[in-house]
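Good morning, colleagues. I should like to take you through one structure, beginning with its helices and ending with its sheet.

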Amino acid sequence: MSERYRRLQKLLRRVSRRGTPEWLCLSAAQLLEILDETYAGPNTASRRRMIERDLRQLVEEERVEVVSGTRRPRRYRAM
């Protein structure tokens with residue numbers, strides 16, 4: 001298994017479950033804090049880009065949805 005695949009699996013396990021109210025769903029920053037060791041990098045900006053890229057992929061694969069619409073911060077929930 002690739003490092004990215006393992007990262008995506010860990011991320012999926014931490015994203016809020018289907019049916020979770022929007023206000024309880026986690027943002028990318030909160031997920032990054034929880035998965036700190038998984039998203040180790042040289043600086044905060046690169047770590048944030050990495051998790052945002054992974055979340056974008058999961059949204060495109062329809063495994064995760066953005067529940068906050070266009071509001072910031074975006075909050076994520078499993079589909």
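Angles under 35 degrees count as roughly parallel, over 145 as roughly antiparallel, 65 to 115 as roughly perpendicular and the rest as oblique. Helices (H or I, at least four residues) and strands (E, at least two) are DSSP runs, numbered from the N terminus. The model is predicted: local features need pLDDT of at least 70, side-chain atom pairs count only at pLDDT 80 or more, and totals for chains, interfaces and linings use all residues. Residues are numbered from 1 along each chain as its sequence is written, and side-chain values use heavy atoms, leaving out hydrogens and water.

Helix α1 (residues 3-14) packs against helix α3 (residues 44-60) at about 75°, the axes lying 11 Å apart; here axes are lines fitted to C-alpha atoms, for helices over the stretch in contact, and angles run from 0 to 180 degrees between N-to-C directions. α1 and α3 are therefore roughly perpendicular to each other. Among the residues making the contact (heavy atoms within 4.5 Å) are Leu8 and Leu11 of α1 and Ile51 and Leu55 of α3.

I turn now to the sheet. Its three strands form an open sheet in the order β1-β3-β2, with antiparallel pairing; two strands pair if DSSP finds at least two bridges between them. β1 (26-27) and β2 (64-66) stand at the edges with a single partner strand each, so one side of each has no neighbour in the sheet. Three bridges join β2 to the antiparallel strand β3 (residues 75-78). Which residue of β3 is the bridge partner of Glu65? That partner is Arg77.
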